[in-house]
Amino acid sequence: MVVLARLLLHVFFVPVYEGPDEPFHLARAMAVAGGEIDSSGQVSSEIVASVLAHPCGPDLTRAFGCPAFGGQGAAFNILGKHDVGEDAEPRDNYQAHQPPLYYLFSGAVLWLLGLPAGSLSPELSLLTLRLIAFLLVGLGLWRPLRTLGTSHGRWFEGLFLGSLLLPGAAESLIRVANDAPLFLWSLLVLVALDRGIAAVWIASLLALGPLLKLTALPVVAFAVVVLWRSRGRIAAVLGMLASLAFVPIQLLRGFDRGGVLELNALNGLEETLAVVVKGIMHSAYTFVKTAAWLGGWSSFRPPLSVLVTGFVLLIAWAICSRSKSSGENRFAHAVALVVFAGGFLLFAIGKRQLFDVWGAVGGWYFWGIVPWVACLFSDQVRLVPGSQKRLLLASAAWLAMANGAWFWISLKLYGLP
């Protein structure tokens, strides 16, 4: 209930379009609701006008020219009265490269609620899709997590729920984007494997993940290896072939390299090896930091006290952790980690090419597949006897400090209505 309350508050508290990439994800969903099954790659003039009518963070200010947050009236403005902005020119939508499944689903929801009849403004559509993200996460916590908890133990459940109290978790999962459905999908795949569901149904699930978001691939790799070891070669091949359904679909949509924006940017790096290694390390540090705090979309940074104590706590967890001598699914987790590392390197280098900086891989990529990461920790790691209670208390204290700092900074930046 605490986790759900924290996430539901995020739905209403965060100003319109302050969720990372929300105008761009929303544009695709509204295009589908309007009858455009495959979005043309434009942010409509209606959404651009809506963005311009509200205060926003620095990234949107640079991209659209909307007024910057000034500490007045932005918090909870998703519930306020929204004036219709002046006509505006459409903008390119860089989220048009994303796989289509989430946008078909969210667009269908908006269509059912009456968007084509003009009854849903961009702001109300945004609120609707945030609430759907909340419901998808809640659905995952209601039954799939409890099912996994019976096999992984109460510590697994507790640590999983605790991680969702991080500010970065709410920013990633409670926004208009494809992370919340991927989060639920990851849980369902793990439950299906744990419960021995028929291979054909698991294969059907594996087909859906990459059609939501390509960050599903580490979970797919884990599932295919588990199928191979527990059900045999035919089941594994069936799962692998099903998971590749996104390739022809993305290619038919007309995007190079299967529709991966970062891969399209790869054209060789001119830096020395030392600079590249340093840049990748910087990207890894930024990824960890923004997974816990915020993904770099907003203008405020974590206070030094929160940042330092957070990394000290992370080191304490590492010191108190030991590898299980007979960890379950060790090879499957190793293969998934290789896929994850390969994807991270491609993203880090691709983002460097796109934005001319290292460290642009936001932590929101982490949260869609966090159920698998939790299973990895549960399967492979044990804690030093006697350390559990101290780590739990320290983590709870840090979560309280991090959330308190986030709300304090947010209130000063956004301002109450």
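1. A pocket, as the word is used here, is an open set of points on a 1 Å grid over the protein atoms alone, with protein on both sides within 12 Å along at least five of seven lines. In this model, which is predicted, the largest pocket has a volume of about 1700 Å³. Its lining is made up of 49 residues, and the closest of these to the centre of the pocket are Ser163, Leu314, Trp317, Phe366 and Phe377.

2. As to where that lining comes from, the elements that give two or more residues to the largest pocket are helix H8 (154-163), helix H16 (273-292), helix H17 (304-319), helix H18 (330-355), helix H19 (364-367), helix H20 (370-380), strand E4 (381-383) and helix H21 (388-414). Among these elements, H17 provides the largest share of the lining, with eight residues. By residue class, the lining of the largest pocket divides into 37 nonpolar, nine polar and three charged residues.

3. The enclosed space should be considered separately from the pocket. The structure holds two cavities of 30 Å³ or more, and in the largest cavity there is about 50 Å³ of space. The residues that line this largest cavity are His10, Val14, Glu18, Gly19, Glu171, Leu294, Ser298, Phe300, Trp406 and Tyr414, and by class they divide into five nonpolar, three polar and two charged.

4. The next point concerns the cysteines. A disulfide is a covalent bond between the sulfur atoms of two cysteines. A search of the whole structure finds one disulfide, and this bond joins cysteine 56 to cysteine 66, with an S to S distance of 1.7 Å. Cysteine 56 sits in the loop between helix H3 (45-52) and helix H4 (58-64), whereas cysteine 66 sits in the loop between H4 and strand E2 (91-92), and the two residues are ten residues apart. The disulfide is right-handed, because the torsion about the S-S bond of cysteine 56 and cysteine 66 is about 95°.

5. Are the cysteines of the disulfide buried or exposed? Cysteine 56 has a relative accessible area of 3% and is therefore buried, and cysteine 66, at 2% relative accessibility, counts as buried as well. Two further cysteines may be set beside them: cysteine 375 is buried, with a relative accessible area of 3%, and cysteine 320, with a relative accessible area of 18%, is also buried, since the cut-off for that class is under 20%.

6. Side chains of opposite charge can pair when their charged atoms come close. A search of the whole structure finds six salt bridges. One of them brings together the side chains of glutamate 157 and arginine 146, at 3.4 Å from N to O. Because glutamate 157 lies in helix H8 and arginine 146 in helix H7 (residues 144-152), this pair ties together parts that are eleven residues apart in sequence. Glutamate 157 is buried, with a relative accessible area of 16%, and helix H8, in which glutamate 157 lies, is one of the elements that give two or more residues to the lining of the largest pocket.

7. Which residues are linked in a network of salt bridges? The network is formed by Arg175, Asp179 and Lys213. Within this network, the side chains of aspartate 179 and arginine 175 meet at 2.4 Å, N to O, while those of lysine 213 and aspartate 179 meet at 2.9 Å, N to O. The latter pair links distant parts of the chain, as lysine 213 is in the loop between helix H11 (199-212) and helix H12 (217-231) and aspartate 179 is in helix H10 (residues 179-195), 34 residues apart. Aspartate 179 counts as buried, at 1% relative accessibility, arginine 175 counts as buried at 1%, and lysine 213 counts as buried at 4%.

8. A last remark concerns asparagine 403, which lies in helix H21. At 12% relative accessibility, asparagine 403 counts as buried. When its neighbours within four places in sequence are left aside, asparagine 403 is in contact with Arg6, Leu165 and Pro167. Helix H21 (388-414) is also among the elements that give two or more residues to the lining of the largest pocket.

Note on methods. Residues are numbered from 1 along each chain as its sequence is written. This is a predicted model: local features need pLDDT of at least 70, side-chain atom pairs count only at pLDDT 80 or more; totals for chains, interfaces and linings use all residues. Side-chain values use heavy atoms; hydrogens and water are left out. On a 1 Å grid over the protein atoms alone, a cavity is a set of points where a 1.4 Å probe fits but cannot get out, and a pocket is an open set with protein on both sides within 12 Å along at least five of seven lines; lining residues have an atom within 4 Å of a point. Grid points are joined across faces, edges and corners, and a volume is the space filled by probe spheres set on the points. Helices (H or I, at least four residues) and strands (E, at least two) are DSSP runs, numbered from the N terminus. Ala, Val, Leu, Ile, Met, Phe, Trp, Tyr, Cys and Pro count as nonpolar, Asp, Glu, Lys and Arg as charged, and the others, Gly among them, as polar. A disulfide is a pair of cysteine sulfur atoms within 2.5 Å. Buried means under 20% relative accessible area, exposed over 50%, partly exposed in between (1.4 Å probe, protein chains only). A salt bridge is a side-chain nitrogen of Lys or Arg within 4 Å of a carboxyl oxygen of Asp or Glu. Contact means heavy atoms within 4.5 Å.
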